[in-house]
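Here are a few friendly notes to read alongside the picture. Take them one at a time, and find each residue as you go.

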Amino acid sequence: MLNSVLDEAYERVRHTGPERDGWLSNHVPMAAEALVRHGHGRAVHRWIDAYADRLEERPRGIRRIAPAEWRDPLGDPVRSGDWLDFFDRELAGEPWRDVLARWWPRLLPGIAAGATHGVIRVGHAVRALLDAETGPRVTELGHGLAYWAARWQPLAPPGAGPYPVTDARSALDAVPRVPDQRFGIRSRLAQLADLTRWPAVAAAVPGDAADDASTRLAAVVDAAVQRHGTHGYAAPVMLVHAATAPNAVLRTLPALPPALWRPSLAAAWAATAAVTAAYAPVEARALPPAAGPELGEAMARALDTGDAHAIKFIDTLSDAYARSGDPVLRAVAARSVEQIAAD
(Lines give C-alpha, C1' and ligand atoms only; values in the text may rest on other atoms or scores of the structure.)
Protein backbone atom coordinates (compact mmCIF):
# COMPACT_ATOMS: atom_id res chain seq x y z
CA MET A 1 0.00 0.00 0.00
CA LEU A 2 2.68 2.49 0.99
CA ASN A 3 4.61 1.91 -2.21
CA SER A 4 1.45 2.86 -4.10
CA VAL A 5 1.27 6.04 -2.02
CA LEU A 6 4.64 7.11 -3.39
CA ASP A 7 3.55 6.45 -6.96
CA GLU A 8 0.39 8.44 -6.27
CA ALA A 9 2.49 11.31 -4.95
CA TYR A 10 4.65 11.27 -8.07
CA GLU A 11 1.53 11.30 -10.23
CA ARG A 12 0.14 14.28 -8.31
CA VAL A 13 3.16 16.42 -9.21
CA ARG A 14 3.85 14.98 -12.65
CA HIS A 15 2.56 18.12 -14.35
CA THR A 16 4.23 20.59 -12.01
CA GLY A 17 7.51 22.37 -12.60
CA PRO A 18 10.82 21.64 -10.88
CA GLU A 19 10.91 25.15 -9.41
CA ARG A 20 8.76 27.98 -8.15
CA ASP A 21 9.28 31.71 -7.93
CA GLY A 22 12.06 31.47 -10.49
CA TRP A 23 14.57 29.55 -8.37
CA LEU A 24 13.15 27.69 -5.35
CA SER A 25 12.95 23.93 -5.74
CA ASN A 26 9.84 21.78 -5.81
CA HIS A 27 10.47 19.54 -2.81
CA VAL A 28 7.38 17.32 -3.05
CA PRO A 29 9.00 14.30 -4.79
CA MET A 30 12.00 14.27 -2.45
CA ALA A 31 10.06 14.72 0.79
CA ALA A 32 7.36 12.23 -0.23
CA GLU A 33 9.95 9.53 -0.91
CA ALA A 34 11.61 10.18 2.46
CA LEU A 35 8.31 10.13 4.34
CA VAL A 36 7.23 6.84 2.79
CA ARG A 37 10.67 5.39 3.51
CA HIS A 38 10.32 6.20 7.21
CA GLY A 39 6.80 4.92 7.73
CA HIS A 40 4.83 8.13 7.25
CA GLY A 41 3.15 7.20 3.99
CA ARG A 42 -0.30 7.94 5.36
CA ALA A 43 0.74 11.55 5.94
CA VAL A 44 2.09 12.14 2.41
CA HIS A 45 -1.07 13.38 0.73
CA ARG A 46 -1.86 15.67 3.64
CA TRP A 47 1.67 17.08 3.45
CA ILE A 48 1.32 17.66 -0.30
CA ASP A 49 -2.02 19.40 0.26
CA ALA A 50 -0.29 21.87 2.59
CA TYR A 51 2.51 22.39 0.07
CA ALA A 52 0.30 22.63 -3.02
CA ASP A 53 0.05 26.43 -3.19
CA ARG A 54 3.82 26.56 -3.76
CA LEU A 55 3.68 24.44 -6.89
CA GLU A 56 3.78 25.85 -10.41
CA GLU A 57 2.75 24.28 -13.70
CA ARG A 58 5.23 22.30 -15.73
CA PRO A 59 7.03 24.73 -18.05
CA ARG A 60 6.38 24.44 -21.75
CA GLY A 61 9.17 23.63 -24.15
CA ILE A 62 10.63 26.19 -26.52
CA ARG A 63 12.51 24.01 -28.97
CA ARG A 64 13.14 20.28 -29.16
CA ILE A 65 16.58 19.18 -27.92
CA ALA A 66 18.18 16.74 -30.35
CA PRO A 67 20.21 13.92 -28.72
CA ALA A 68 23.43 15.05 -30.44
CA GLU A 69 22.93 18.71 -29.51
CA TRP A 70 22.59 18.49 -25.74
CA ARG A 71 25.64 20.59 -24.83
CA ASP A 72 24.29 23.96 -25.91
CA PRO A 73 21.12 24.01 -23.74
CA LEU A 74 22.93 22.48 -20.75
CA GLY A 75 22.62 24.83 -17.79
CA ASP A 76 19.94 26.99 -19.41
CA PRO A 77 16.93 27.18 -17.04
CA VAL A 78 14.84 28.79 -19.77
CA ARG A 79 14.96 25.39 -21.50
CA SER A 80 13.53 23.51 -18.48
CA GLY A 81 10.46 22.47 -20.43
CA ASP A 82 12.63 21.22 -23.29
CA TRP A 83 14.72 19.16 -20.90
CA LEU A 84 11.62 17.63 -19.33
CA ASP A 85 10.37 16.64 -22.77
CA PHE A 86 13.83 15.34 -23.70
CA PHE A 87 14.09 12.96 -20.75
CA ASP A 88 10.51 11.79 -21.23
CA ARG A 89 11.63 10.63 -24.68
CA GLU A 90 14.94 9.18 -23.46
CA LEU A 91 13.27 7.05 -20.79
CA ALA A 92 10.49 5.93 -23.09
CA GLY A 93 13.01 4.37 -25.42
CA GLU A 94 15.58 2.74 -23.11
CA PRO A 95 15.91 1.14 -19.66
CA TRP A 96 16.30 3.76 -16.96
CA ARG A 97 19.69 2.39 -15.86
CA ASP A 98 21.09 2.90 -19.35
CA VAL A 99 19.84 6.48 -19.50
CA LEU A 100 21.23 7.17 -16.05
CA ALA A 101 24.63 5.70 -16.90
CA ARG A 102 24.88 7.82 -20.03
CA TRP A 103 23.79 11.09 -18.44
CA TRP A 104 25.39 10.79 -15.01
CA PRO A 105 28.95 11.63 -16.19
CA ARG A 106 27.59 14.46 -18.33
CA LEU A 107 25.71 16.02 -15.44
CA LEU A 108 28.17 15.25 -12.63
CA PRO A 109 30.51 18.22 -13.27
CA GLY A 110 27.48 20.49 -12.75
CA ILE A 111 26.58 18.96 -9.39
CA ALA A 112 25.84 22.39 -7.89
CA ALA A 113 22.71 22.61 -10.09
CA GLY A 114 19.76 24.14 -8.27
CA ALA A 115 21.76 24.47 -5.04
CA THR A 116 22.46 20.70 -5.43
CA HIS A 117 18.73 19.90 -5.58
CA GLY A 118 19.17 18.40 -9.05
CA VAL A 119 21.35 15.55 -7.84
CA ILE A 120 19.32 15.21 -4.62
CA ARG A 121 16.10 14.73 -6.55
CA VAL A 122 17.78 12.14 -8.76
CA GLY A 123 19.10 10.32 -5.70
CA HIS A 124 15.63 10.00 -4.18
CA ALA A 125 14.22 8.77 -7.49
CA VAL A 126 16.95 6.16 -7.91
CA ARG A 127 16.42 4.85 -4.39
CA ALA A 128 12.71 4.47 -5.14
CA LEU A 129 13.46 2.69 -8.42
CA LEU A 130 15.86 0.29 -6.73
CA ASP A 131 12.92 -0.71 -4.53
CA ALA A 132 10.44 -1.10 -7.37
CA GLU A 133 10.45 -0.17 -11.05
CA THR A 134 7.16 1.56 -11.82
CA GLY A 135 6.10 4.04 -14.46
CA PRO A 136 5.73 6.99 -12.07
CA ARG A 137 9.20 6.38 -10.64
CA VAL A 138 10.80 6.26 -14.07
CA THR A 139 9.04 9.52 -14.92
CA GLU A 140 10.25 11.08 -11.69
CA LEU A 141 13.83 10.10 -12.50
CA GLY A 142 13.45 11.90 -15.81
CA HIS A 143 12.19 15.02 -14.05
CA GLY A 144 15.17 14.96 -11.70
CA LEU A 145 17.62 14.57 -14.56
CA ALA A 146 15.88 17.35 -16.49
CA TYR A 147 16.07 19.71 -13.51
CA TRP A 148 19.77 18.93 -13.10
CA ALA A 149 20.43 19.54 -16.79
CA ALA A 150 18.52 22.83 -16.88
CA ARG A 151 20.28 24.22 -13.80
CA TRP A 152 23.66 22.57 -14.50
CA GLN A 153 26.27 24.63 -12.64
CA PRO A 154 29.94 23.66 -12.44
CA LEU A 155 32.06 24.47 -9.42
CA ALA A 156 35.47 26.11 -9.61
CA PRO A 157 37.83 23.34 -10.76
CA PRO A 158 39.95 21.38 -8.30
CA GLY A 159 43.71 21.33 -8.46
CA ALA A 160 45.97 18.45 -9.31
CA GLY A 161 47.37 16.20 -6.57
CA PRO A 162 49.00 14.85 -4.66
CA TYR A 163 47.31 16.31 -1.58
CA PRO A 164 47.28 15.05 1.98
CA VAL A 165 44.78 12.32 2.75
CA THR A 166 42.78 13.04 5.88
CA ASP A 167 39.56 12.05 7.59
CA ALA A 168 36.33 13.65 6.40
CA ARG A 169 35.65 15.71 9.52
CA SER A 170 39.15 17.22 9.52
CA ALA A 171 38.80 17.90 5.81
CA LEU A 172 35.56 19.81 6.40
CA ASP A 173 37.13 21.77 9.24
CA ALA A 174 39.88 22.84 6.82
CA VAL A 175 37.52 24.19 4.15
CA PRO A 176 38.04 27.97 3.71
CA ARG A 177 35.01 30.30 3.79
CA VAL A 178 34.01 32.57 0.94
CA PRO A 179 34.57 36.20 1.97
CA ASP A 180 31.16 37.69 1.11
CA GLN A 181 28.25 35.76 2.62
CA ARG A 182 25.55 38.39 2.15
CA PHE A 183 23.89 36.96 -0.94
CA GLY A 184 22.52 33.70 -2.32
CA ILE A 185 24.27 30.49 -3.27
CA ARG A 186 25.09 31.48 -6.84
CA SER A 187 26.98 34.54 -5.61
CA ARG A 188 28.75 32.51 -2.94
CA LEU A 189 29.81 29.66 -5.21
CA ALA A 190 31.15 32.13 -7.75
CA GLN A 191 33.64 33.28 -5.11
CA LEU A 192 35.26 29.85 -4.86
CA ALA A 193 37.45 30.66 -7.87
CA ASP A 194 38.99 33.50 -5.89
CA LEU A 195 39.97 31.36 -2.90
CA THR A 196 43.63 30.43 -3.23
CA ARG A 197 43.14 27.25 -1.18
CA TRP A 198 40.03 26.06 -3.00
CA PRO A 199 41.73 24.01 -5.76
CA ALA A 200 43.66 22.02 -3.17
CA VAL A 201 40.65 21.56 -0.90
CA ALA A 202 38.36 20.46 -3.74
CA ALA A 203 40.91 17.92 -4.97
CA ALA A 204 41.73 16.49 -1.55
CA VAL A 205 38.97 13.90 -1.35
CA PRO A 206 39.17 12.66 2.25
CA GLY A 207 39.61 9.06 3.27
CA ASP A 208 41.98 6.20 2.67
CA ALA A 209 42.63 5.72 -1.05
CA ALA A 210 42.66 1.98 -0.42
CA ASP A 211 38.98 2.07 0.58
CA ASP A 212 36.24 1.80 -2.01
CA ALA A 213 34.36 4.89 -3.14
CA SER A 214 31.18 4.06 -1.23
CA THR A 215 33.06 3.76 2.08
CA ARG A 216 34.78 7.10 1.59
CA LEU A 217 31.58 8.76 0.44
CA ALA A 218 29.67 7.46 3.46
CA ALA A 219 32.33 9.03 5.68
CA VAL A 220 31.80 12.40 3.94
CA VAL A 221 28.05 12.14 4.53
CA ASP A 222 28.55 11.18 8.18
CA ALA A 223 30.93 14.08 8.79
CA ALA A 224 28.59 16.59 7.16
CA VAL A 225 25.64 15.30 9.19
CA GLN A 226 27.50 15.61 12.48
CA ARG A 227 28.88 19.02 11.54
CA HIS A 228 25.36 20.33 10.99
CA GLY A 229 24.79 19.87 14.69
CA THR A 230 27.73 22.11 15.60
CA HIS A 231 27.77 24.58 12.69
CA GLY A 232 24.27 24.45 11.24
CA TYR A 233 23.04 27.36 13.33
CA ALA A 234 24.45 29.88 10.84
CA ALA A 235 22.38 28.64 7.86
CA PRO A 236 20.35 25.62 8.97
CA VAL A 237 18.54 25.06 5.67
CA MET A 238 21.41 25.63 3.26
CA LEU A 239 23.92 23.58 5.24
CA VAL A 240 21.57 20.59 5.05
CA HIS A 241 22.77 20.20 1.46
CA ALA A 242 26.35 19.55 2.57
CA ALA A 243 24.98 16.20 3.78
CA THR A 244 22.02 15.46 1.51
CA ALA A 245 23.88 16.08 -1.77
CA PRO A 246 26.65 13.50 -1.17
CA ASN A 247 24.09 11.12 0.26
CA ALA A 248 22.12 11.36 -2.98
CA VAL A 249 25.27 10.34 -4.85
CA LEU A 250 25.88 7.50 -2.38
CA ARG A 251 22.35 6.20 -2.96
CA THR A 252 22.86 6.27 -6.71
CA LEU A 253 26.14 4.32 -6.79
CA PRO A 254 24.47 0.86 -6.81
CA ALA A 255 22.70 1.78 -10.05
CA LEU A 256 25.85 3.03 -11.77
CA PRO A 257 28.69 1.19 -13.50
CA PRO A 258 31.66 0.84 -11.11
CA ALA A 259 33.82 2.97 -13.41
CA LEU A 260 31.68 5.98 -12.41
CA TRP A 261 32.09 5.54 -8.66
CA ARG A 262 35.40 7.36 -8.22
CA PRO A 263 34.40 10.45 -10.21
CA SER A 264 31.12 10.43 -8.29
CA LEU A 265 33.02 10.48 -4.99
CA ALA A 266 35.15 13.40 -6.17
CA ALA A 267 32.15 15.43 -7.32
CA ALA A 268 30.21 14.71 -4.15
CA TRP A 269 33.12 15.84 -1.99
CA ALA A 270 33.45 19.03 -4.04
CA ALA A 271 29.75 19.75 -3.52
CA THR A 272 29.98 19.23 0.24
CA ALA A 273 33.09 21.39 0.48
CA ALA A 274 31.49 24.10 -1.66
CA VAL A 275 28.33 24.32 0.46
CA THR A 276 30.50 24.36 3.58
CA ALA A 277 32.65 27.16 2.16
CA ALA A 278 29.55 29.13 1.23
CA TYR A 279 27.59 28.89 4.49
CA ALA A 280 29.51 27.44 7.44
CA PRO A 281 30.40 29.76 10.33
CA VAL A 282 33.87 29.87 11.85
CA GLU A 283 32.83 28.90 15.36
CA ALA A 284 31.30 25.61 16.43
CA ARG A 285 28.60 25.28 19.08
CA ALA A 286 28.75 22.38 21.49
CA LEU A 287 25.99 19.82 21.31
CA PRO A 288 23.78 19.14 24.34
CA PRO A 289 25.40 16.59 26.66
CA ALA A 290 22.44 14.22 26.48
CA ALA A 291 21.35 12.28 23.42
CA GLY A 292 18.14 13.39 21.82
CA PRO A 293 14.98 11.35 21.23
CA GLU A 294 14.91 8.28 19.04
CA LEU A 295 15.08 9.03 15.33
CA GLY A 296 11.49 7.99 14.76
CA GLU A 297 10.46 10.83 17.03
CA ALA A 298 12.82 13.21 15.23
CA MET A 299 11.22 12.36 11.88
CA ALA A 300 7.76 12.81 13.36
CA ARG A 301 8.83 16.22 14.62
CA ALA A 302 10.24 17.08 11.19
CA LEU A 303 6.90 16.10 9.66
CA ASP A 304 5.07 18.26 12.19
CA THR A 305 7.11 21.29 11.15
CA GLY A 306 6.10 20.71 7.53
CA ASP A 307 9.61 21.67 6.43
CA ALA A 308 10.93 19.55 3.56
CA HIS A 309 14.55 20.22 4.48
CA ALA A 310 13.98 18.94 8.01
CA ILE A 311 12.40 15.77 6.59
CA LYS A 312 15.24 15.20 4.14
CA PHE A 313 17.93 15.91 6.71
CA ILE A 314 16.54 13.37 9.18
CA ASP A 315 16.29 10.91 6.30
CA THR A 316 20.01 11.34 5.59
CA LEU A 317 20.93 11.42 9.27
CA SER A 318 19.09 8.10 9.68
CA ASP A 319 21.43 6.55 7.11
CA ALA A 320 24.42 7.82 9.09
CA TYR A 321 22.94 6.51 12.32
CA ALA A 322 22.37 3.08 10.78
CA ARG A 323 26.10 2.91 10.01
CA SER A 324 27.42 4.04 13.40
CA GLY A 325 24.69 3.90 16.04
CA ASP A 326 26.34 6.99 17.53
CA PRO A 327 23.91 8.51 20.09
CA VAL A 328 25.40 11.93 19.36
CA LEU A 329 23.46 11.87 16.12
CA ARG A 330 20.20 11.85 18.04
CA ALA A 331 21.24 15.14 19.63
CA VAL A 332 22.14 16.46 16.19
CA ALA A 333 18.72 15.41 14.88
CA ALA A 334 16.82 17.19 17.64
CA ARG A 335 18.83 20.39 17.36
CA SER A 336 18.84 20.49 13.58
CA VAL A 337 15.08 20.04 13.20
CA GLU A 338 14.45 22.93 15.57
CA GLN A 339 16.97 25.16 13.81
CA ILE A 340 15.64 24.34 10.35
CA ALA A 341 12.06 24.99 11.43
CA ALA A 342 13.08 28.35 12.85
CA ASP A 343 15.17 29.42 9.84
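1. Let's begin with glutamate 33, keeping in mind that this is a predicted model. Glutamate 33 has a relative accessible area of 1%, so it counts as buried, the cut-off being under 20%. Its side chain forms a salt bridge with that of arginine 37, with 3.2 Å from N to O. Arginine 37 has a relative accessibility of 33%, so it is classed as partly exposed.

2. Where do glutamate 33 and arginine 37 sit with respect to each other in helix H2? They are four residues apart in that helix, which spans residues 28–37, and so about one helical turn separates them. As a general point, side chains of opposite charge can pair when their charged atoms come close.

3. Now look at aspartate 88 and arginine 58, whose side chains also meet in a salt bridge, at 2.9 Å from N to O. This pair links distant parts of the chain, with the two positions 30 residues apart in numbering: aspartate 88 belongs to helix H4, while arginine 58 lies in the loop between helix H3 (44–51) and H4. Are these partners buried or partly exposed? Aspartate 88, at 30% relative accessibility, is partly exposed, whereas arginine 58, at 19%, counts as buried.

4. While you are at helix H4, try a check of its length. The helix covers residues 80–93, which makes 14 residues. At 1.5 Å a residue it should span 20 Å, and its end C-alpha atoms are 20 Å apart, so the two values agree.

5. Which residues of H4 are buried? They are Ser80, Gly81, Asp82, Trp83, Leu84, Phe86, Phe87, Glu90 and Leu91. Part of what covers them comes from other helices, including H5 (96–107) and H7 (135–150).

6. A further pair to find is arginine 182 and aspartate 180, whose side chains form a salt bridge at 2.9 Å from N to O. Arginine 182 is exposed, at 65% relative accessibility, and aspartate 180 is partly exposed, at 22%.

7. Finally, step back to the salt bridges as a group. Some of them share partners, and in this way Glu33, Arg37, Arg127, Asp131, Arg251, Asp315 and Asp319 are joined into one network. Glu33 and Arg37, the pair from the opening point, are therefore members of that network. How many salt bridges are counted in the model? The count comes to 23.

Notes
Residues are numbered from 1 along each chain as its sequence is written. This is a predicted model: local features need pLDDT of at least 70, side-chain atom pairs count only at pLDDT 80 or more; totals for chains, interfaces and linings use all residues. Side-chain values use heavy atoms; hydrogens and water are left out. The expected span of a helix is 1.5 Å times one less than its number of residues. Buried means under 20% relative accessible area, exposed over 50%, partly exposed in between (1.4 Å probe, protein chains only). Contact means heavy atoms within 4.5 Å. A salt bridge is a side-chain nitrogen of Lys or Arg within 4 Å of a carboxyl oxygen of Asp or Glu.
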